[in-house]
Structure formats: C-alpha cells, structure tokens
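Take the fold from the outside in. Begin with the whole chain, then move to its strands, its ligand site and a few unusual backbone spots.

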Amino acid sequence: MANVLELVTKELEQLERSNTYKYEVPLQSAQDGIVRVGGRNAVMLASNNYLGLSNHPGVRSAAIRGIREYGYGVASVRFICGTQDIHLALEKKIAKFLGTEDTILFSSCWAANEAFFASLTNEKMGVDSYRDVIYSDRLNHASIIDGQRLCRGETTEKKIYAHADMNDLVRQLEEDRGKDYRLRIIASDGVFSMEGDLAPLDALVAIAAKYDAILFVDDSHGVGVCGKTGRGTPEARGVHGRVEVLTGTLGKAIGGAAGGYISGRRELIAFMRQKARTYIFSNSLPPAIVFGADAAFTLLMKDRSLVRKLAANTAYFRRGISALGFRILEGEHPIVPVMLGEASVAQAMSQALMKAGVYVRGLWYPVVPKGEARLRAQVSAALSTREIDTVLRAFEKVGKKMNLI
Ligand SMILES: Cc1ncc(COP(=O)(O)O)c(C=O)c1O
C-alpha cells in the first residue's frame with residue numbers, strides 16, 4: 001500500500017518543478033485600495049474588491065450592527081432554525097436589484113452553482129426515464145464545471161461549446177433538435193475571469209428562447225461592476241431581467257466577505273429550497289455578512305457614484321497601460337490582462353512590481369494557455385487617480401528595465 005505522505009510530498013514537489021505551486025502572501029491589513037504587505041504599503045491590483053466595499057465604513061458598521069442585533073452565528077441550516085427575517089429581506093432585495101422574482105442564499109457561489117445543476121438534473125420530478133442536456137462555455141468557472149460533474153451521467157449529457165462562440169452553440173443545438181430531452185440548459189459566466197470579457201448575453205437570451213433552453217448565467221464578476229447601475233452583465237448587454245437563472249457571489253464587489261445566491265423564477269427558487277443539498281445541509285449565512293451585503297446593495301441602489309468611479313478608473317488604467325506600450329486584452333471590465341507571453345516573465349514582473357509597491361498576480365499555464373502568461377490587473381473604485389498613476393509609473397519602470405516596452 002502507498003504511504004499517503006510520500007504520495008502528497010511527491011505531488012507537491014511536482015507542483016514546485018512545474019511552477020504551479022501557489023504561494024500565499026499574507027496581508028497585514030484590511031483588504032483595500034492600499035494594503036500592508038511585508039511591512040510596507042502596496043497598491044492592491046489583484047483583488048475582486050471592485051467597488052472598494054471590503055473596508056467601506058457603511059458596510060463595516062452594518063456588519064457590526066448585524067452582530068449586535070442578531071448575534072454572531074446562526075448555528076443551524078435554513079430549514080431547521082437558521083432562517084432569520086434578515087435572510088428573507090436580503091433575498092428579496094437581491095431579486096429586486098436583479099429584476100428577478102426571487103432569490104435563495106447560499107454560503108458561497110460555489111455552493112449555489114453546485115446546487116443548481118445537481119438539483120435540477122438529478123431529480124426525476126415525476127418522469128421515470130429522461131435525458132437532460134447542458135451546453136457549457138469552454139471557459140466557464142471551475143464551480144460551474146464541478147456543478148455539472150455532480151449531474152448523473154445516465155441522465156445528463158454535457159457538451160462544451162467554443163468560448164463565446166454562438167455559431168458553435170447553435171450548431172450543437174441544431175444537431176440535437178430532434179432529440180427528446182427533458183431539459184436543455186445553456187450555461188455561461190457573465191464575465192470570464194481570466195480574460196475579463198463579457199458573454200454575449202443578448203445573443204444567448206435569444207438563442208435560449210428559440211431552442212426552448214434554460215439560460216444559466218454566473219454573474220459573479222458582473223454584479224456591482226457592469227451596466228450603468230451595476231446590475232451586471234445583463235444590464236450591460238441590454239437584457240436586464242431576461243436571463244432566466246442568475247447566480248452570483250457576495251464575495252467580490254458586494255463587500256467581498258462570502259456568500260452566494262441563485263436568482264430567478266419563484267417556482268425554481270422554491271424547488272431549490274427543497275432540493276439543493278448545499279442549502280439543506282449547510283449552515284445559514286451569519287448576520288454580519290447578511291447585514292453587510294444588504295448595506296452594499298442598498299448603497300448601489302441609492303447611489304451610482306461608485307459604479308461610475310470604477311468605470312472611470314478602469315478606462316483610465318486601460319488607456320494608461322496601453323499608452324506605455326503593454327499589450328492588454330481589450331474590453332470594458334476592470335479585469336485587465338496584461339499579456340507577457342512566457343511564465344518566467346510574468347513571474348519576474350509580478351515580483352518586481354511587488355518590490356515597487358504594486359500587488360498584482362501573474363497567471364500562466366495551465367491556468368491560461370501555453371505562451372499566454374499574463375499579469376491580471378484588477379482595477380477598483382477604492383483607488384484614486386494618483387494611486388493609479390503610481391501603478392502606471394511602476395509598470396513603466398519595471399517594463400523598461402525588463403526590456404518589455
Ligand atoms: C465566476 C465565478 N463563479 C463563482 C465563484 C465562486 O464564488 P464564491 O467565492 O462565492 O464561492 C467565483 C470565484 O472565484 C467566480 O469567479
């Protein structure tokens with residue numbers, strides 16, 4: 001029999017050799033525009049704190065009020081004794097914000113995505129013999145992929161279409177037209193986190209309607225970020241309120257703590273409350289998070305200034321970094337991939353930038369295709385123009401030193 005410690009040690013060594021070992025750099029401060037790391041200040045350009053709400057005074061004080069009024073933990077799953085009126089109020093608020101009928105909260109978007117695919121396709125719902133089919137974008141997030149892994153192979157066919165390629169999707173739907181599927185599901189991220197590109201949701205809504213498919217969109221990087229009022233990728237693509245199923249996280253723009261949700265038709269949400277295993281058998285969100293997220297949505301509904309500031313900061317950074325001569329993936333999202341090619345270059349550049357006071361992470365194979373190593377910059381509304389200028393100067397200095405520009 002193999003020794004488990006020998007096996008895992010070998011695997012860890014392999015990760016080191018292949019340059020894929022993930023090192024964690026501890027922050028010595030709150031998550032914010034400026035963070036403390038290694039005893040020094042650095043401009044944060046690697047977090048999903050898009051609106052700067054992670055350490056926002058209004059969100060912080062709401063979370064403290066949550067603890068004061070409703071305690072620290074709920075010590076139960078929702079259906080036993082873990083539903084407080086604040087959970088129901090937040091669910092209603094999210095539905096209102098997204099233009100859907102109802103919402104169900106989860107401990108994370110990961111849990112929400114697992115719940116959606118498994119609950120829907122594994123339940124017979126009175127049909128003894130059936131087949132469902134899922135068409136999934138090739139670049140969908142790991143939680144969508146793992147959610148689909150939970151769907152039983154005997155009853156669910158899983159198909160992949162080329163990234164954002166509507167011709168490929170339609171070709172596959174046409175091929176399957178005569179087949180007697182019970183459910184057809186099309187699954188896409190709203191924003192793809194490695195590239196920062198937005199899914200063509202207008203086309204996806206039309207295609208889903210034409211082929212009688214359920215459209216599922218994970219808008220974790222879209223909500224609070226995309227669209228004039230931050231309502232997400234559907235708003236940016238002119239289909240607000242018309243995506244049948246939306247999932248998202250409370251762990252990025254919406255305060256950055258934790259939690260996720262599925263939002264959609266009333267009956268679908270009621271079904272999830274009965275069948276979603278990650279909801280039924282997992283603890284309720286704690287009051288501090290519910291209050292913090294509620295305050296974040298309230299702020300977004302009342303005031304567009306943070307969404308505007310994020311858009312302005314993003315445009316400013318995208319212009320500045322291109323003007324320096326770096327190649328970026330063009331787009332509109334605060335995820336700005338700065339393309340460098342070789343993994344060793346991305347690694348060296350992120351280390352040099354850290355020394356220059358800019359915290360930005362590199363991505364390389366196998367996270368992105370070979371030869372497409374990059375720094376993934378993520379802009380935040382928490383940054384001032386001066387701080388973005390500091391970042392640009394650091395990129396210029398390091399880029400020149402490394403003969404990249
Ligand atoms: C597109 C997408 N979906 C889901 C998740 C997971 O969200 P959570 O942290 O709430 O589980 C992430 C986080 O990285 C994500 O980028």
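The paragraphs below walk through this predicted model.

Start with the overall form. The protein chain holds 15 helices and 14 strands. Its C-alpha trace spans about 65 × 55 × 50 Å along the principal axes. A compact globule of 405 residues would have a radius of gyration near 22 Å, and the protein chain has 22 Å, so the two agree. Of the 405 residues, 47% count as buried. Contacts reach far along the sequence. Among those between residues at least 6 apart, 74% join residues at least 24 apart.

One such long separation in sequence is easy to find by eye. Glu123 and Lys275 are 152 residues apart in sequence, yet their C-alpha atoms are 8.4 Å apart in space. Glu123 sits in the loop between α5 (109-122) and β4. Glu123 counts as partly exposed because it has 13 C-beta neighbours inside 10 Å.

That loop leads into β4. Strand β4 covers residues 132-137, and 6 of its 6 residues are buried. In a regular strand, side chains alternate between the two faces of the sheet. Here Asp132, Ile134 and Ser136 point one way, while Val133, Tyr135 and Asp137 point the other way. Both sets are buried. Strand β4 runs parallel to β5 (residues 156-161), and 6 bridges join them. Tyr135 has Lys159 as its bridge partner in β5.

Now the ligand. The shell around the ligand has 13 residues. Ser108, Cys109, Trp110, His141 and Thr249 are the closest. By class, the shell divides into 9 polar, 2 charged and 2 nonpolar residues.

Further along the chain comes an open antiparallel sheet. Its 4 strands follow the order β10-β11-β14-β13. Strands β10 (327-328) and β13 (361-363) stand at the edges with a single partner each, so one side of each has no neighbour in the sheet. Strand β10 joins β11 (residues 335-341) through 2 bridges. Ile328 is paired with Val338 of β11.

Two helices lie across these strands. Helix α13 (residues 305-323) lies across β10, β11 and β14 (373-378), at about 15 degrees to β11. Helix α14 (residues 343-355) lies across β11, β13 and β14, at about 35 degrees to β14.

The loop between β13 and β14 contains Pro366. A cis peptide bond joins Tyr365 to Pro366, with omega about 10 degrees. Most peptide bonds are trans, and most residues other than glycine have a negative phi.

Where else does the backbone take a positive phi in a residue other than glycine? Ala75 does, with phi near 55 degrees. Ala75 lies in the loop between α2 (57-70) and α3 (78-82). With 12 other C-beta atoms within 10 Å, Ala75 is exposed. Asn403 also has a positive phi, near 55 degrees. Its place is the segment after α15 (385-401). Asn403 has 6 C-beta neighbours inside 10 Å, so Asn403 counts as exposed.

Finish with a hairpin. Strands β1 (residues 34-37) and β2 (residues 40-44) pair antiparallel over 4 bridges. Val37 stands opposite Arg40. The hairpin has 2 residues between the strands, and Gly38 takes a positive phi near 60 degrees.

How values were computed: Residues numbered from 1 in each chain as written. Predicted model: local features only at pLDDT ≥ 70, side-chain atom pairs only at ≥ 80, totals over all residues. Near = placed C-beta within 6 Å. Nonpolar A, V, L, I, M, F, W, Y, C, P; charged D, E, K, R; others polar. Pairing = 2+ DSSP bridges. Contact = placed C-beta atoms within 7 Å. Axes fitted to C-alpha atoms, helices over the stretch in contact; angles between N-to-C directions. Rg over C-alpha atoms; globule rule 2.2 N^0.38 Å. Buried ≥ 20, exposed ≤ 12 C-beta atoms within 10 Å, placed from the backbone.
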